[in-house]
Structures are given as C-alpha cells and as structure tokens.
Amino acid sequence: MNQQTPIIEVANIDKFYGNFHALKDVDLTVRQGEKVVICGPSGSGKSTLIRCFNGLEWHNSGRIVIDEIEVHQNAKRIRELRQEVGMVFQQFNLFPHLTVLENLTIGPMKVRKIAQAQAEETARGYLDRVHIPEQADKYPAQLSGGQQQRVAIARSLCMEPRIMLFDEPTSALDPEMINEVLDVMVELAETGMTMVVVTHEMGFARKVADTMVFMEEGRIVEVSPPNKFFTDPDSDRCRLFLNQILEH
Amino acid sequence: MQDATALKGQPLSSPSPVQRFFESTFVSVLIYAIVIGLICYGSYAGAQNMGYNWQWHRVPQYLYSFTDDGFQLGEIFYGLGTTIVLSLTSFLLATLIGLIIALLRLSGLVIGSAVAVGFLEFVRNIPLLVLLYLFYYVLGPIFKFDRYTASVLTLAVFHSALISEILRAGINAVPKGQWEASKSIGMSSGQSYRYIILPQSVRFMLPPMTGEVVHLIKSSAIVSVIAVAELTTIGRNIISDTFMSFEIWFTVALVYMAVTLILSIGVSHLEKKYIVDQ
Ligand SMILES: Nc1ncnc2c1ncn2[C@@H]1O[C@H](COP(=O)(O)OP(=O)(O)OP(=O)(O)O)[C@@H](O)[C@H]1O
Ligand SMILES: [Mg+2]
C-alpha cells in the first residue's frame, strides 16, 4: 500500500446522544501514514468522532470504513478492528492491579494468544522505545503522570496496531511532563504510523501534522495542511479559535 | 489565614483529661469486662432465683472426650462441621447465582434485567423461614431432593440477592475508563470482566462479602426447623436429653461467635495484605 491509500474513510456520519446531535454529517479521509491533528472548542465532538473509529461510540448513520473493514456492531468484527486501532486516553486508563509489564502483555497474550515469553520481549522493546525500560516491574500508581502516559502508549503499540488514536494525551499532565510524552509521539510519527491526534498542543501539530482538522458544534469546519491552517484558514471561527489558544 | 492547607497536619483540639481517661485501652477493657460480668451475673442470679440447677461440668463431654481411641471431638463440633460445610456450599452457590443475576442486570438486555429484577423482588419479599418451607415441603417432594439439599438451596437463593447487589456495586465501582481501555485492546466483555474488572472489584467487595458470610452462617441456624444436624439442631438435641438449656445455649452462642470472629479477623488481615500489594 502506498501513501495515497485511504485507511480511514468517514462518510456522512451522524451521532446522537438522545436528542443531542453530537456529530453532524461528518466526512473525513485519512490516508496510510498520515498524521491528522483535530482541534476545536470543548464539546465540539472531537472525542466522540475518534471514539467512533474503534467502536467505543456508535454512529447512528453514515459509514466508517477502517482498513477496509466497515465499523459495525458485530462483536467479533469490532474486536478484530480494535486490534488494528490503538487508543491513548486523556486519563491514561492503565490497569492499576497489574505491573507495567503485565499491562503491556495482557492484550497480546489474551487477545492475540501470543506466548508469554514472546509478549514480554515485545513489551520490553516498546518500553525501551518510550524510554522507561527500568519501570517494567512497578505498578502504575508508582509512576509519574508522564511515565504512565508513555506506558499507555506502549500498551497500545504492543498490539501492533496500524492506526493510533490519541484523545488529548497531554491534557491531564503537569506542564513539565508534557514534552516527554510529545517527544515519544513525534518519534512514533517518524516511524510512519498513521495517527489521529486530538490535541491543543499546536507546537506538536506544527511539527508532525500533515492535515489539521478544526471542529465546532459537531461539524468539521476546516480541513487544511498546517501551513495554510495556521496562517490563512478559510473559516473565521477557526481563526478566532487559533488566536485564543495561541495567545498563551 | 485559616484555610484547609494551613490546618493540615495539626492535631484537632486535644482531648480533655476525662476523655483521655475513658479512651485509654486499659479503661476500655475494664469497662467491657464489667459490663460482661454484670450480664453474666444477672443471668446467673436470675437462673438461681428460678431454681435452675447449673451443671457446667457436664458440658465438656459434648465438646471433646478422651476414649480408648484417644482424643475425640464431641457432638457440638460435629454440628459445627455441618454448619460450616452447609454455609460454605450455600455461599459458593449463592455467589454463583448472585454473579449471574448481577451480570444479567449489567448486561443492558431488557429481558436479562427483567429476569434479574423479578428474581430479586421475589427473594427479598419472602421471609427466610417461608422460603425454607417452600423448598422443603413443596419443591423437595416435586424434584426429589432431601432436607440437606433443600437447606443449601434455601440459603443460597436467599443470600444470592444481597450478594448480587454487592457484586454489582463492586463492578460499578471500577472506573469506566478501565472498560474502555480493555475494549480498545480488543478484549471481549468476558475477558474484560475476568482480567481487568473483577480483579479490581474484589477490593470493594471483600468487606461487604465478609459481612454476608457471617450473616449466612448465622441464618443457617434456621435449618434446624427441618432437623438438619447442624450446630443449632445438635444443641437442641442435647438439651432435650439433658435439660441443660442455659449451659448449652451459651456454649452454642459462643461457638457461633468464635467462628464468625475468626472469619472477620482473617479477612481483615487478607484485606490489608491485598491493599499493600496494589
Ligand atoms: N455519553 C454522552 N451522553 C450524552 N452526551 C454526551 C456524551 N458524551 C458526550 N456528550 C456530549 O457530546 C458533545 C461532544 O462531546 P465530546 O466529548 O466529543 O467533545 P470534545 O470535543 O471531545 O470536548 P472536550 O474538549 O471537552 O473533550 C458534548 O456536548 C457532550 O456534552
Ligand atoms: Mg474530548
């Protein structure tokens, strides 16, 4: 597959929470290896959108096709799809009763049925890549927030996904820990991983994004490459939003 | 400035000397001993007034004996054995039923939760004794099971209601993010429960579960009405042979208390160890 192959195709999706229209006729295409950064005001539907990509939320109409599999409420199919799509959460969501190493191996061992020795070897490899090889035997509560988030990234990577979703991965972190997580994400981007990142870290976006997406009130308002997005966006709302967040 | 952080670490107002006197271990134990002593003396004196003939020396033979074969446990301990086995079997079965009910309610399936709620309302609104009669006199003859099985089923069904609530609360106490994380690495619901959710909910379930086991052991005494040979029945039988009702009931009560206390203490140790592990 080359760089032009679409790996995520979202066509005309709508999503309701009861009567609340959370996603309104959203279209988006992400190509193999592309880095997409999504931003927008709170409540604009960013989390809802990317959570539809791995079936943590269900869209009510329209189509989402990921890696040629349509996202569909078929339990077996959605589990297969989730193995291809890693997700990193704002609150890390590490398993507190398992050690770091166990957090990393439980998915490969129980879901992919990989032998323990091999799963551990892979896990240690990824711990190396997120720069915390020495923390393997600790419990999540014994780590700093930045370290926990890097473990969470490694946990997703251990499933060998083809796409990584990030939902505000640095928003819950103390400022001095944000960069250690962003650095890991930049390194991941350099490996050619397809990434969809919801974040307000515009420095990171400038560095890695191929495409910037701006959402507001459940709609995608602007899709453009970073140089245009940051200097001359088409929508006034987007310009206003950028002014607000770039002020500080 | 008197904000919360400024007060942190400072002792609250120091207790008055009178308070300290009553809170010291020695005085507490003394007060406890006096109260227990008064109760015992009251019963003793009351019994004397009734002309009760105390025969404590005849009690030990029902606890243990030395025969030609050596040391042997007495009838009361056989009764206790039955009580423990009965309670344990009922508890395991109750936990199984409780888990099924809890999962049905959490499943989000309309039929599932309707079945679960129907069962819970049925069990909650029937007295334990009536439930026992129902199993022994009605279902027993129909399905051909004996009094022991009827007892196990009664206790299991009765306690499964509360146990299912304990399990449900424990499962709900695990943050939603744990579900999302386990799903997002491709786990099925079953795998998520088994490897991620249930192990974390044990911590929340352990204290109320211990209470429920203690409750079950105590309510198991009710099966003496259908003459299952457990601790209470044995006590009653001994009394009908010997007329030592005061001594035997005191002994039986103490045995129940000893078992449930040992259990509670054991579990609280376990709990401490478990929490340190995390
Ligand atoms: N489970 C839910 N039930 C009802 N409404 C919901 C639910 N989840 C989200 N919403 C609503 O949908 C809208 C979009 O939420 P979403 O979490 O996608 O926003 P967001 O862009 O990620 O915002 P934030 O920056 O605050 O994370 C919000 O108005 C929110 O209140
Ligand atoms: Mg969000």
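Buried area is the accessible area that two parts lose on being put together, summed over both. In this predicted model, that area comes to about 1,800 Å² between chain B and chain A, and carbon and sulfur atoms give 63% of it. On the chain B side, the residues that lose the most area to chain A are E180(B), S184(B) and I185(B), which together make up 31% of what that side buries. Counted by residues, the contact takes 23 from chain A and 18 from chain B.

Now for the pairs that reach across. The interface of chain B and chain A has one salt bridge. Its partners are R51(A) and E180(B), with the closest N and O atoms 2.7 Å apart. So E180(B) turns up twice here: it is among the residues of chain B that lose the most area to chain A, and it pairs with R51(A) in a salt bridge, a side-chain nitrogen of Lys or Arg within 4 Å of a carboxyl oxygen of Asp or Glu. As for polar contacts, six residue pairs are counted between chain B and chain A, both residues being at pLDDT 80 or more. Two helices of chain B, α9 (176-184) and α10 (189-219), each supply at least two residues of the side that touches chain A. The largest share of that side, seven residues, comes from α9(B). Sorted by class, the side of chain B that touches chain A has nine polar, six nonpolar and three charged residues.

Next come the open spaces, starting with the largest pocket, which has a volume of about 540 Å³. It is lined by 21 residues, and the closest to its centre are S107(B), W179(B), K183(B), S188(B) and S189(B). Both chains have a hand in the lining: α2 of chain A, along with α8 (147-172), α9 and α10 of chain B, each supply at least two residues. Although the residues closest to the centre carry the letter B, the largest share of the lining, four residues, comes from α2(A). By class, the pocket lining has 10 nonpolar, seven polar and four charged residues.

Then there are the closed spaces. The structure holds two cavities of 30 Å³ or more. The largest cavity has a volume of about 50 Å³, and its lining is made up of R129(A), V130(A), L157(A), V184(A), E187(A) and L188(A). Helix α6 (residues 175-190) of chain A gives the most to this lining, with three residues. Four of the lining residues are nonpolar and two are charged, with no polar ones.

The second largest cavity has a volume of about 30 Å³. On the chain A side its lining holds R82(A), Q83(A), V85(A), G86(A), M87(A), S156(A) and M159(A), and chain B adds S184(B) and I185(B). Two elements of chain A, α2 (75-84) and β6 (85-88), give two or more residues to this lining, and β6(A) gives the most, with three residues. The class split is four nonpolar, four polar and one charged. S184(B) and I185(B) have come up before, being among the residues of chain B that lose the most area to chain A. The helix α2 of chain A is also a familiar name, as it supplies the largest share of the lining of the largest pocket.

Finally, back to charged pairs. Side chains of opposite charge can pair when their charged atoms come close. Over all chains, the structure holds 15 salt bridges. In one of them, the side chains of E57(A) and K15(A) meet at 3.7 Å, N to O. This pair links distant parts of the chain, 42 residues apart: K15(A) sits in strand β1 (residues 6-17) of chain A, and E57(A) in the loop between α1 (46-53) and β4 (61-66) of chain A.

Note on methods
Residues are numbered from 1 along each chain as its sequence is written. Chains are lettered from A and ligands numbered from 1 in the order in which they are written. This is a predicted model: local features need pLDDT of at least 70, side-chain atom pairs count only at pLDDT 80 or more; totals for chains, interfaces and linings use all residues. Side-chain values use heavy atoms; hydrogens and water are left out. Contact means heavy atoms within 4.5 Å. Buried area is the accessible area (1.4 Å probe) that two parts lose on being put together, summed over both. A polar contact is a pair of N or O atoms within 3.5 Å; within protein, one must be able to donate a hydrogen and the other to accept it, and residues adjacent in sequence count only if both atoms are side-chain atoms. Ala, Val, Leu, Ile, Met, Phe, Trp, Tyr, Cys and Pro count as nonpolar, Asp, Glu, Lys and Arg as charged, and the others, Gly among them, as polar. On a 1 Å grid over the protein atoms alone, a cavity is a set of points where a 1.4 Å probe fits but cannot get out, and a pocket is an open set with protein on both sides within 12 Å along at least five of seven lines; lining residues have an atom within 4 Å of a point. Grid points are joined across faces, edges and corners, and a volume is the space filled by probe spheres set on the points.
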